[in-house]
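Here is a friendly tour of one protein chain, taken sheet by sheet and then into the core. Have the sequence and the 3D view at hand.

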Amino acid sequence: MKKFLLLPCCLLFLFSCKKDPERVEDNSGTYYYPPITGDSWETKTAASLKWDESKLNAAFEFAGAKNTYGLIVLHQGKIVKEQYWNNWTKDTRYYLASAGKSVVGLIAGLAQQEGIINLNDKTSKYLGVGWTSMPAEKEALITIRHQLSMSTGLDDRYSDPDCMEPNCLVYKEDAGKRWAYHNAPYLLLHNVLSAASGLSWNAYCKQVLFDKIGIKGFWLNNVMYCTTRDAARFGSLILRKGEWDGKKILTDGTYFNDMTNSSQSYNNSYGYLWWLNGKSSFMLPQVQFQFQGALVPEAPSDMIMALGKDDKKIYVIPSLNMVVIRLGDSANQTTAGPSSFDNELWARFKLAMKYP
């Protein structure tokens, strides 16, 4: 009789221990989304997460001493700690620099979801033949996917990397045969998506993304301006794989997976305008060399990052159910992309949050 009683108990235990690999662990059972309008945003304490609050404060002090003006840590969507310096408030808008590229990475997926583009479309379909000074047959190789993955083959060493005129866009290698961090082909994505939608760039962003998750930011001269909390909203959307408050903004799971994984074979640490941690090697802007190891060794390996000039940072960490936003001016370098500040900050977060 005892054997029969033990069997259901064992089965119950086994099923309760089984975890769905797609499920994001959430110790409260729900993910919090701030209201689309208003200033309210729920909080939780570091103590409730069993974090070391003194070490978390030390990480914030370190950041504040490095020209950080706005820093937010979210867990399950709720604010664990938020701090401002340099007379900033939660309402202060600042430029995202190249961290805005990752916003465009998502918007391109939304455009494909709407059916107005396909990533395999030739860029010339939207910009017209002759948008570069490349031979016609070489220009015809470039697709939207190459623009998203920084693999257009255009020469990134041109004197003005932001110049979008045909005479500035010259042949270096066939599309897909080289990775190079090049602003001009990225900036032309704005033109591609505007042409495909028939709307201005600002209007299209508001329609498909900003208004749906409560972002009050805007684009000026192809640069996104927003508050630290606006960036946190975007980070939460990415953490939830395109879901906002029970509604899928991005329904294309294949695109999301492609966006947040290696987009080509040259720089494993780059997706569709997103930087990826935990890969075996990485490349950096303006350098044609593969460095071995992860971009940010002190951070969780599954972290994905929107990174901009002067250390603009949107960190999304699925394994910790966390989003971290850092806005301000240069902590230690002025170029786009990763910097030593990433590892220095996450070494301190690691002490506070006690992750492996």
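The report below covers two sheets, one helix with its core, and two polar residues.

This is a predicted model, in which local features need pLDDT of at least 70 and side-chain atom pairs count only at pLDDT 80 or more, while totals for chains, interfaces and linings use all residues. Residues are numbered from 1 along each chain as its sequence is written, and side-chain values use heavy atoms, with hydrogens and water left out.

A few terms come first. Helices (H or I, at least four residues) and strands (E, at least two) are DSSP runs, numbered from the N terminus. Two strands pair if DSSP finds at least two bridges between them. Buried means under 20% relative accessible area, exposed over 50% and partly exposed in between, using a 1.4 Å probe and protein chains only.

**The six-strand sheet**

Let us begin with the sheet of 6 strands, which is open, pairs in the antiparallel sense and has the order E2-E1-E13-E12-E11-E8. Its edges are strand E2 (78-84) and strand E8 (275-276), each of which pairs on one side only. Strand E1 (residues 68-75) is mostly covered, with 8 of its 8 residues buried. A hairpin links E1 to E2 with 2 residues between them, and Gln76 in that turn has a positive phi of about 55°.

**The three-strand sheet**

A second open sheet has 3 strands in the order E3-E5-E4, again with antiparallel pairing. E3 and E4 stand at the edges with a single partner strand each, so one side of each is left without a neighbour in the sheet. Strand E5 (residues 223-226) has alternating side chains: Met224 and Cys226 point to one face and are buried, whereas Val223 and Tyr225 point to the other and are not. E4 and E5 also form a hairpin with 2 residues between the strands, where Asn221 takes a positive phi near 50°.

The table gathers strand pairs from both sheets, with one facing pair of residues for each.

| Antiparallel pair | Bridges | A facing pair |
|---|---|---|
| E1 and E13 (322-328) | 7 bridges | Thr68 and Gly328 |
| E1 and E2 | 6 bridges | Val73 and Lys81 |
| E11 and E12 | 5 bridges | Ala306 and Ile314 |
| E4 (218-220) and E5 | 3 bridges | Phe218 and Tyr225 |
| E3 (94-95) and E5 | 2 bridges | Tyr94 and Cys226 |

**Helix H8 and the nonpolar core**

Helix H8 (residues 201-213) has 13 residues and reaches 18 Å from its first C-alpha to its last, close to the 18 Å expected at 1.5 Å a residue; the expected span is 1.5 Å times one less than the number of residues. H8 bends by about 50° at Gln207, the bend being the angle between axes fitted to the seven residues ending there and the seven starting there. After H8 comes Gly214, whose phi is positive, near 85°.

Which residues of H8 are buried? They are Trp201, Tyr204, Cys205, Val208, Leu209, Phe210 and Ile213. Their cover includes helix H3 (100-114), helix H7 (183-197), E4, E5, helix H9 (228-239) and strand E6 (243-244).

A nonpolar core is a set of buried Ala, Val, Leu, Ile, Met, Phe, Trp, Tyr and Cys residues joined through side-chain atoms within 4.5 Å. The largest one has 104 residues, of which Leu209, Tyr315, Trp346, Phe349 and Met353 touch the most other members. A second, separate core of 8 residues includes Trp131, Ile142, Leu154 and Ala184.

Contact means heavy atoms within 4.5 Å. Beyond its neighbours within four places in sequence, Leu209 is in contact with Val103, Leu106, Ile107, Leu110, Phe234 and Leu237.

**Two buried polar residues**

Asp310 sits in the loop between strand E11 (304-308) and strand E12 (312-317). Is Asp310 buried or exposed? Asp310 is buried, with a relative accessible area of 10%. A polar contact is a pair of N or O atoms within 3.5 Å; within protein, one must be able to donate a hydrogen and the other to accept it, and residues adjacent in sequence count only if both atoms are side-chain atoms. The side chain of Asp310 makes such a contact with the side chain of Tyr95, at 2.8 Å. Outside its neighbours within four places in sequence, Asp310 has contacts including Arg326, Gly328 and Thr334.

Ser281, in strand E9 (residues 281-282), is buried with a relative accessible area of 3%. Its side chain makes a polar contact with the side chain of Asn268 (3.2 Å).
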